[in-house]
Amino acid sequence: MRGRQREAYSMYKRLSSRDYTNTIDMEAKELIDAIDVEENSALLQKSTVPEPSNPSWRLSFPHVVVATLSSFLFGYHLGVVNEPLESISKDLGFKGNTLAEGLVVSTCLGGAFVGSLFSGWVADGVGRRRAFQLCALPMIIGAVMSASTKTLAGMLLGRLFVGTGMGLGPPVASLYVTEVSPAFVRGTYGSLIQIATCLGLMGALFVGIPVKEIVGWWRVCFWVSTIPAAILALAMVFCAESPHWLHKQGRTYEAEAEFERLLGGSHVKTAMAELAKSDRGDDTDTVRLSELLYGRHFRVVFIGSTLFALQQLSGINAVFYFSSTVFKSAGVPSGLANVFIGIANLSGSIVAMVLMDKVGRKLLLLWSFFGMAISMSLQVAAASFYSSGSGSLYLSVGGMLMFVLTFALGAGPVPGLLLPEIFPSRIRAKAMAVCMSVHWVINFFVGLLFLQLLEQFGPQLLYSIFGTFCMLAVVFVKRNVVETKGKSLQEIEIALLPQE
């Protein structure tokens, strides 16, 4: 009996072992099949999911448009006294006093220098949005003072206030547009700053048309400027703060939220990862002026300051100052001359907007300065044959329009866009302040000395000097400027920043 039991148990054990082995084999096969299905499914899904696309430009566009209101105001206040100056001088009792008339025009430049000098510290201290609001405030106060004054002193004080806002606005606008724009449209958005400036100049011209027919209309010209300034201050409440500034302040969650508003939720992680790449742990340290002037950041600050210096030494503001005289010699009324100059400026800016993210910043700069040098050579030729008749006048007019057009293609819009791109995040605002201060100082001296130099040297030599500076700019850009088209700010920073 026991023998049969042992035999039955042995058979059961063999069967159980065989069944168990078969079960394991079946389970292993099922597991392998399941893994194959998952791998095939993953491969299929990978092949059908597209590569990450660019964020929608529509999300950031409204924020950029609001920011460019500061540039519109900049252009408007540059041109607001051109037509009404004669009426202003008559009503305020300084008609015929060329020094007083010059002060009404140039007091803005002094205020702009002060505003631009402190713009970096303001933008870093209170943020980009509040900096825009602080830019709008003196423009509103100054415009109200100028519009309601009955004395020259009140007009000059109002112009000084307006100038402070004008100096603060452009560098903050360049910073903000650069930091909130997706890389693939950053150049296009940067060109909107120049277009807004052109529209502001043309707006001032348009509003000033009735000034000779309606007594006291010049006051309306100043009152009108308070409207876009108030819109800028109020609209900034609803705009996104710069995520780069928030990240520098250690407000990471807020930076993520703003990236979601500007780029969309699917691009937040990528954008934050890009910010982390360039985080050197020193963003909260105070930036000393010595770092910018002779420290490790000197090279990029030198490139930026030189670009702005060459932009002004090319003679663009001298051309604007002298254009009405040239057009008047050709029999063109000053009002129509300003329209022609405005159209050339706006046309070039629109073309630059289209090309900025296609051909790149460097190429536009090179061809722009080269075209300006050619235009100056036409001016020199026209001045050489001035007594030969109308042909030289038409050559001079053509050269002037070509100069403004080629300036607007690159030398006008590119420096304000390129510099925030090449400056590291830590010094970006303060480096822009230094470069813009250089811009205003040279702008002031060109405006101050142009007429004296014109009388002393004559147009041939003076235009030859401007043309030489344009060619120097071509060489400088070729050797020193890097292309930033399509690159994120962090990629540019990592590529340019010298190692410790």
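Here are legends for a few views of this predicted model.

**View 1. The whole chain, helices and no strands.** Start with the overall picture: the secondary structure of the protein chain amounts to 21 helices and zero strands. The chain has 500 residues, and 50% of them count as buried. Take the contacts with a separation of 6 or more, and 83% of those turn out to link residues 24 or more positions apart. As for the outside, the accessible surface is about 23,800 Å², with 65% of it belonging to carbon and sulfur atoms.

**View 2. A close-up of Ser87 in helix 4.** Helix 4 covers residues 85-91, and Ser87 sits within that stretch. Is Ser87 buried or exposed? Its relative accessible area is 19%, and buried means under 20%, so Ser87 is buried. Once you set aside neighbours within four places in sequence, Ser87 is in contact with Val211 and Trp218.

**View 3. Helix 7 packing against helix 8.** Here helix 7 (residues 152-180) meets helix 8 (residues 186-207), with the axes 9 Å apart and an angle of about 155 degrees between them. Angles over 145 degrees count as roughly antiparallel, so that label fits helix 7 and helix 8. The crossing of helix 7 past helix 8 is right-handed.

**View 4. The residues where helix 7 and helix 8 touch.** On the helix 7 side, the contact is made by Ala173, Ser174, Val177 and Thr178. Helix 8 brings Arg186, Tyr189, Gly190 and Ile193. Sorted by class, the contact comes out as four nonpolar, three polar and one charged residues.

Methods. Residues are numbered from 1 along each chain as its sequence is written. This is a predicted model: local features need pLDDT of at least 70, side-chain atom pairs count only at pLDDT 80 or more; totals for chains, interfaces and linings use all residues. Side-chain values use heavy atoms; hydrogens and water are left out. Helices (H or I, at least four residues) and strands (E, at least two) are DSSP runs, numbered from the N terminus. Buried means under 20% relative accessible area, exposed over 50%, partly exposed in between (1.4 Å probe, protein chains only). Contact means heavy atoms within 4.5 Å. Accessible areas come from the Shrake-Rupley method with a 1.4 Å probe; for residues, only the protein chains shown count as cover. Axes are lines fitted to C-alpha atoms, for helices over the stretch in contact, and angles run from 0 to 180 degrees between N-to-C directions. Angles under 35 degrees count as roughly parallel, over 145 as roughly antiparallel, 65 to 115 as roughly perpendicular and the rest as oblique. A crossing is left-handed if the near helix is turned anticlockwise from the far one by less than a right angle, and right-handed if clockwise. Ala, Val, Leu, Ile, Met, Phe, Trp, Tyr, Cys and Pro count as nonpolar, Asp, Glu, Lys and Arg as charged, and the others, Gly among them, as polar.
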